[in-house]
Amino acid sequence: MTDHDAPDEPDAGGETSHRETFHEDPIGHTQVRAGMTVGELVDEYGKAGIGAAGVERAVDVYAEMLSPDVTNFFGLAGAMVPTGMRQVVVDLIRDGHIDALVTTGANLTHDAIEAVGGKHHHGSVGPHDHRTEERTDAKSEREHDERLRDEGVDRIYNVYLPQEHFTLFEKHLRANVFPAVERTVTIQEFTHELGRANLEQNRERGVEEDAGIAAAAYDCDVPIYVPAIQDSVLGIQAWIYGQTSEFALDALGDMTHLSDLAFEADSAGAMVVGGGVPKNYVLQTMLTVPDAYDYAVQLTMDTSDTGGLSGATLDEARSWGKLEKSARNVTVVADATITLPLVVAAARERAGE
């Protein structure tokens, strides 16, 4: 065998030389203990592999995004408000970490319900034997939902919402929101008025729960965009009211407002929770301006191998020009009700808040 044919020789430290693509640290073993901060726990995640490593990288990227020099666009899809993630978003808005919010009409519906005194409740996905916690059969599960319907209770997986809260919501819109917009307005202008009304009614009614996302956005002058607003109870109520009044929504008017915000950003970051329209609306904004996102974090339950939008990786978005070639980005595939509070808390700690 000639010298040219000889295999790579280990160096003095036992490493094989000439591996140009092999430069990562060895896997460590996560240690946990009582009294750890969430930031310390995530640091330990960084020693590990698979999802744990992804969470740590997401925290690292999001901590950089919390800099006041970064304009942050936040996409919020899925049932995040009714499942208890509302205050996480409220606090980010009030602390100046969201410059534009893109969400669903459903999240704003549930946000307004809580603002004016309604509540969501713990429930179950079907009847259970509470002694053994064993699930019953499919027929019993169907009967469970039929009974909920008879009792006037809507189910969002394991969350219940009494239907009378939608009546409360409708009365709130008709008395406190729609009269202020008896004209054609953009969706962002409409959500601004919704936030104002939520804040005022929350205070007047002495509601114990925080006034919520739309109210915080109104208070902090943060725009809220809802590009698929008709796909919600909020959208249904807007359509019904528009049948007998001058009220109408300009579906395209927000695009100028949002594009201007992206154009003026020196550095831009996207935090995308869930997928669907909010995710795409946040990312596609960069197709209308010369630059792209410098940072992006995606928290999703969907995988990329089906080719669907909700699971599409942020690296795929780079191919479209939505992210800079040099952008720092991470996708974490896990339940966002678990990852969002974890990533936000650890990033705040890492950023020194």
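Student: Ala, Val, Leu, Ile, Met, Phe, Trp, Tyr, Cys and Pro count as nonpolar, Asp, Glu, Lys and Arg as charged, and the others, Gly among them, as polar. On that basis, how do the residues lining the largest pocket divide?

Tutor: This is a predicted model. The lining of the largest pocket comprises 13 nonpolar, twelve polar and six charged residues.

Student: How much space lies in the largest pocket?

Tutor: The largest pocket holds about 610 Å³ of space. Its lining consists of 31 residues, and those nearest the centre of the pocket are Ala79, Met80, Thr83, Asp335 and Thr337.

Student: Which elements each supply at least two residues of that lining?

Tutor: Two helices and two strands do: helix 3 (81-94), helix 13 (336-350), strand 3 (121-122) and strand 12 (293-300). Helix 3 provides the largest share, with six residues.

Student: And the second largest pocket, what lines it?

Tutor: Its lining is formed by Glu24, Asp25, Pro26, Ile27, Gly46, Lys47, Ala48, Ala53, Glu56 and Arg57. By class, these are four nonpolar, one polar and five charged residues. The space in the second largest pocket is about 230 Å³.

Student: Let us turn to closed spaces. How many cavities of 30 Å³ or more does the structure hold?

Tutor: There are two cavities of 30 Å³ or more. The largest cavity contains about 50 Å³ of space, and its lining residues are Met255, Leu258, Ser259, Tyr281, Gln284, Thr285 and Thr288. Helix 10 (254-264) and helix 11 (276-284) are the elements that contribute two or more residues to this lining, and helix 10 gives the most, with three.

Student: How many charged residues are in the lining of the largest cavity?

Tutor: There are no charged residues in that lining, which has three nonpolar and four polar residues.

Student: What about the second largest cavity, how much space is there?

Tutor: About 40 Å³ of space lies in the second largest cavity. Gln188, Thr191, His192, Ala214, Ala217, Tyr218, Val222, Pro223 and Ile224 form its lining, to which helix 7 (187-204) and helix 8 (213-219) each contribute at least two residues. The class division here is six nonpolar, three polar and no charged.

Student: A change of topic: where is Gln298 found?

Tutor: Gln298 is in strand 12.

Student: Is Gln298 buried or exposed?

Tutor: Residues under 20% relative accessible area count as buried. Gln298 has 0% relative accessibility and therefore counts as buried.

Student: Which side chain does the side chain of Gln298 make a polar contact with?

Tutor: The partner is the side chain of Thr331, at 3.1 Å. Leaving aside residues up to four places away in sequence, Gln298 touches Val272, Lys279, Ser310, Ala312, Thr313, Leu314, Val330, Thr331 and Val332.

Student: In helix 1, which residues are buried?

Tutor: Gly39, Val42 and Glu44 are buried in helix 1, which covers residues 38-45. The buried residues of helix 1 pack against helix 2 (50-65) and helix 13.

Student: Finally, the whole protein. How many helices and strands are there?

Tutor: The protein has 13 helices and 13 strands. Its C-alpha trace spans about 90 × 60 × 40 Å along the principal axes, and 45% of its 353 residues are buried.

Student: And how much area does the protein expose?

Tutor: About 18400 Å² is exposed, with carbon and sulfur atoms supplying 49% of it. As for contacts between residues at least 6 apart in sequence, 74% of them join residues at least 24 apart.

Key:
Residues are numbered from 1 along each chain as its sequence is written. This is a predicted model: local features need pLDDT of at least 70, side-chain atom pairs count only at pLDDT 80 or more; totals for chains, interfaces and linings use all residues. Side-chain values use heavy atoms; hydrogens and water are left out. On a 1 Å grid over the protein atoms alone, a cavity is a set of points where a 1.4 Å probe fits but cannot get out, and a pocket is an open set with protein on both sides within 12 Å along at least five of seven lines; lining residues have an atom within 4 Å of a point. Grid points are joined across faces, edges and corners, and a volume is the space filled by probe spheres set on the points. Helices (H or I, at least four residues) and strands (E, at least two) are DSSP runs, numbered from the N terminus. Buried means under 20% relative accessible area, exposed over 50%, partly exposed in between (1.4 Å probe, protein chains only). Contact means heavy atoms within 4.5 Å. Accessible areas come from the Shrake-Rupley method with a 1.4 Å probe; for residues, only the protein chains shown count as cover. A polar contact is a pair of N or O atoms within 3.5 Å; within protein, one must be able to donate a hydrogen and the other to accept it, and residues adjacent in sequence count only if both atoms are side-chain atoms.
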